[in-house]
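Visitor: I am new to this structure, and I would like to know how the words used for it are justified. Could we go through it step by step?

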Amino acid sequence: MRIDVITIFPDYLTPLELSLLGRARERGLLEVRVHDLRDWTHDRHRTVDDTPYGGGAGMVMRPEPWGKALDDVLGSGPDGASPHLILPGPGGTPFTQARARELAHEDWLVFACGRYEGIDERVYEEYAERLPVSVLSLGDYVLNGGEVAVLAMTEAIGRLVPGVVGNAESLVEESHEDGLLEYPVYTKPALWRGREVPPVLLSGDHGKVAGWRQEKRLERTAARRPDLIEAYRRSQAEPPAGDA
Ligand code: 6GU
C-alpha cells in the first residue's frame with residue numbers, strides 16, 4: 001500500500017518511521033511519502049491561509065496550494081492509478097474499525113491535513129468529482145490539525161494490511177472487531193499484591209475460559225460503552241445473511 005500525506009508540519013509524521021509501521025516500510029509492505037504543502041506556494045512568506053469570507057474567527061487554508069499539491073501527488077502514481085483521498089477533520093464521518101478494514105484494501109491513500117479552521121470547501125468539491133473522497137473524524141473532540149489523526153488512522157489501517165502484523169490471529173480477537181470490547185487479560189505472576197488471577201483462567205478448561213471471556217466482554221461493554229450493546233444484541237438476534 002502506498003500512503004501520501006500532505007501537511008504543513010511534515011515533522012509531525014516522523015513517528016510513521018518507528019515500530020510496526022516502520023518495519024512494514026522497511027519490508028516494502030507500505031510506502032509512505034510525506035509532503036510539505038508550502039513547497040507548492042510561490043510567495044516569499046509561503047502563505048497557505050487567509051481570512052474567511054463572511055467573517056468570523058480564525059484562518060482558512062487557501063485552495064491554490066492544495067490544488068497544485070494534490071494535482072502533483074495524484075499524478076505521481078503508476079499509469080492510470082488513482083488514490084482514495086482522505087480529509088481528516090472534526091466535521092467528518094466517524095473513523096471506525098470497519099472503515100479501517102475497508103481502507104486496508106486500497107492500493108493507495110492520500111491524506112490532506114488541514115489546519116486552522118479548515119480547507120476552502122472548493123478543494124473538497126473539486127476532487128470529489130474525480131476521486132473517492134472521504135472526510136473522516138477520530139471522535140467528538142477538536143484537534144489543532146489533521147496530523148495526529150493521520151497517525152492514528154494510518155496505524156489502524158496499516159496494521160490490517162496483510163503481512164504487517166506477524167500474528168494474524170491477534171487481529172481477530174480484538175475490541176471492535178465484532179462490536180464488543182475486549183475481555184480483561186492477565187499474565188504471571190498468578191498472585192500480585194494479594195490479587196489473584198481469576199481461577200477459571202488457570203483451570204485448563206477451554207470451554208469455560210471462552211464462556212467467562214464472553215461474559216466479561218458483555219459486562220465491560222455494557223459498563224463502558226452502552227451505545228454499543230444495542231447494536232450488538234440486534235446483530236446476534238439476526239442470523240448472518242445467507243443462513244437459512
Ligand atoms: Cl480527523 N481532525 C481534527 N482537526 N480534529 C479532530 C479530528 C480530526 N478527529 C477528531 N477531532
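Visitor: Where does Pro 88 lie?

Guide: This is a predicted model, and in it Pro 88 lies in strand 5, which covers residues 84-94.

Visitor: What makes Pro 88 count as buried or exposed?

Guide: The word depends on a count of C-beta atoms within 10 Å, and a residue with 20 or more others is called buried; Pro 88 has 25, so Pro 88 is buried. Leaving out residues up to four places away in sequence, Pro 88 touches Phe 111, Cys 113, Leu 136, Gly 146, Ala 149, Val 150 and Met 153.

Visitor: How far apart are Pro 88 and Gly 114 in sequence and in space?

Guide: They are 26 residues apart in sequence, and their C-alpha atoms are 7.3 Å apart in space. Gly 114 itself lies in the loop between strand 6 (108-112) and helix 4 (121-128).

Visitor: Which positions does UniProt list for "binding site"?

Guide: The unreviewed UniProt entry lists Gly 114, Leu 138, Gly 139, Asp 140, Tyr 141, Val 142 and Leu 143 under that heading, and such an annotation may be inferred rather than shown by experiment.

Visitor: How do you know whether Gly 114 is buried or exposed?

Guide: With 26 other C-beta atoms within 10 Å, set against the 20 that the word requires, Gly 114 is therefore buried. Apart from neighbours within four places in sequence, Gly 114 is in contact with Met 61, Leu 87, Gly 89, Ile 119, Gly 145 and Gly 146.

Visitor: And why is Leu 143 called partly exposed?

Guide: Leu 143 has 16 other C-beta atoms within 10 Å, which falls between the 12 or fewer of an exposed residue and the 20 or more of a buried one, so partly exposed is the term. Leu 143 is found in the loop between strand 7 (133-137) and helix 5 (147-158), and, leaving aside neighbours within four places in sequence, Leu 143 is in contact with Val 148 and Ala 149.

Visitor: What makes Thr 14 exposed?

Guide: Thr 14 has 11 C-beta neighbours inside 10 Å, and because 12 or fewer is the limit for that word, Thr 14 counts as exposed. Thr 14 is found in the loop between strand 1 (2-7) and helix 1 (19-26).

Visitor: Why is helix 2 called roughly parallel to helix 4?

Guide: The axes of helix 2 (residues 63-74) and helix 4 come within 9 Å and cross at roughly 30°. Angles under 35 degrees count as roughly parallel, so helix 2 is roughly parallel to helix 4. The contact is made by Pro 63, Trp 66, Gly 67 and Leu 70 of helix 2, together with Arg 122, Val 123, Glu 126 and Tyr 127 of helix 4, and these residues divide into five nonpolar, one polar and two charged.

Visitor: What is the phi of Arg 193, and why is Arg 193 called exposed?

Guide: Most residues other than glycine have a negative phi. Arg 193, however, has a positive phi near 50°, and its place is in the loop between strand 8 and strand 9 (195-196). Arg 193 has 5 other C-beta atoms within 10 Å, and since 12 or fewer suffices, Arg 193 is exposed.

Visitor: Which residues does a cis peptide bond join?

Guide: A cis peptide bond, with omega about 5°, joins Lys 188 and Pro 189, and Pro 189 is found in the loop between helix 5 and strand 8 (191-192).

Definitions and conventions
Residues numbered from 1 in each chain as written. Predicted model: local features only at pLDDT ≥ 70, side-chain atom pairs only at ≥ 80, totals over all residues. Helix = DSSP H or I, 4+ residues; strand = E, 2+ residues; numbered from the N terminus. Contact = placed C-beta atoms within 7 Å. Axes fitted to C-alpha atoms, helices over the stretch in contact; angles between N-to-C directions. Parallel < 35°, antiparallel > 145°, perpendicular 65-115°, else oblique. Nonpolar A, V, L, I, M, F, W, Y, C, P; charged D, E, K, R; others polar.
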